[in-house]
Amino acid sequence: MISTDQPTCFPENVLVAVSSREDGSVLDRTRDNRHDPEMVENRRRFCAASGLEYDQCVYQIISYDDGNTFDTIGEVTRPDSEGVHADVLYTETPGVGMFLPIADCVGTVVYDSVRHALALAHIGRHASVAKTLTKTIEFFKQKGSDVQDITIWMAPSVAKHDYILTWFDHLTDEDWEGFVSQEQDGIHLDLSGLNKALAVRAGVPEANIYVSNVNTATDPHYFSHSQGDTNGRFAVVAQLR
């Protein structure tokens with residue numbers, strides 16, 4: 001873990017941490033077993049260093065299957081190290097950690113300080129198109145949250161300059177205006193910028209939204225899928241105390 005990259009916007013009764021390359025990869029997509037012993041041992045060490053037990057976590061499984069709509073919100077009340085398929089994990093249960101492997105996409109933590117409710121979202125290109133963060137905030141509201149009480153933190157992720165696609169179906173969509181551009185080398189997306197704007201549109205005060213300035217594509221301490229790390233992943237964990 002890199003101490004200067006950890007969030008400081010949450011109270012002491014909320015644990016949120018992000019690992020780095022030095023903590024080891026927490027998932028190897030080239031291996032058939034997502035719970036490969038080496039990866040699990042890296043997860044355990046990182047969790048212990050963060051102040052929680054991996055066995056008290058829900059492992060978040062991100063699927064890119066054709067049928068996935070990339071906006072599934074799963075409410076969890078107990079640990080599940082085998083994993084839960086969900087694009088967002090939500091809990092109101094203290095002691096239950098949420099564990100997300102990630103590389104380049106925006107690991108996003110949403111917290112209601114009044115209701116003491118917490119969510120961990122995997123916000124990549126697909127989830128951004130699906131407006132998953134907007135739907136997550138709406139889910140909090142349905143649970144009784146006031147958007148004024150919500151704090152959002154976005155973990156290290158790929159910056160627009162380095163997130164380049166050869167095609168993108170939503171280049172002219174109004175929602176993406178200012179967050180997508182056609183350049184000589186391809187189409188550039190600003191994932192964290194778009195999702196911050198979506199959160200503000202949903203009513204979350206801009207002062208309550210914190211975006212890491214670490215670019216995973218250029219910082220050697222983080223795995224980056226866009227830079228060739230097709231197998232390695234770092235982690236974001238979140239837990240109510």
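A pocket, for my purposes, is an open set of grid points with protein on both sides within 12 Å along at least five of seven lines, and its lining residues have an atom within 4 Å of a point. Note to self: this is a predicted model.

**Entry 1: the largest pocket**
I looked up the lining first and found 29 residues, with Arg-29, Tyr-64, Cys-105, His-225 and Arg-233 nearest the centre of the pocket. Four elements give two or more residues each: β2 (57-61), β6 (97-102), α2 (125-129) and β10 (164-165). Which of them gives the most? That's β2, with three residues. I then checked the volume, which is about 590 Å³. Sorting the lining by class gave me 14 nonpolar, nine charged and six polar residues.

**Entry 2: the second largest pocket**
This one comes to about 170 Å³. I wrote down its lining: Phe-70, Arg-125, His-126, Val-129, Ala-130, Trp-167, Phe-168, Asp-169 and His-170. By class I get five nonpolar, two polar and two charged residues.

**Entry 3: the cavity**
How many cavities of 30 Å³ or more does the structure hold? I found one. The space in the largest cavity is about 30 Å³. Around it I listed Tyr-64, Phe-70, Asp-87, His-122, Gly-124, Arg-125, His-126 and Ala-127. Helix α2 supplies the largest share of that lining, three residues. The classes here are three nonpolar, three polar and two charged.

**Entry 4: names that came up again**
Tyr-64 lines the cavity and is also among the residues nearest the centre of the largest pocket. Phe-70, Arg-125 and His-126 line the cavity and turn up in the second largest pocket too.

Notes. Residues numbered from 1 in each chain as written. Predicted model: local features only at pLDDT ≥ 70, side-chain atom pairs only at ≥ 80, totals over all residues. Heavy atoms only, no water. 1 Å grid on protein atoms, 1.4 Å probe; cavity = no way out; pocket = protein on both sides within 12 Å on 5 of 7 lines; lining within 4 Å. Points joined across faces, edges and corners; volume = space filled by probe spheres on them. Nonpolar A, V, L, I, M, F, W, Y, C, P; charged D, E, K, R; others polar.
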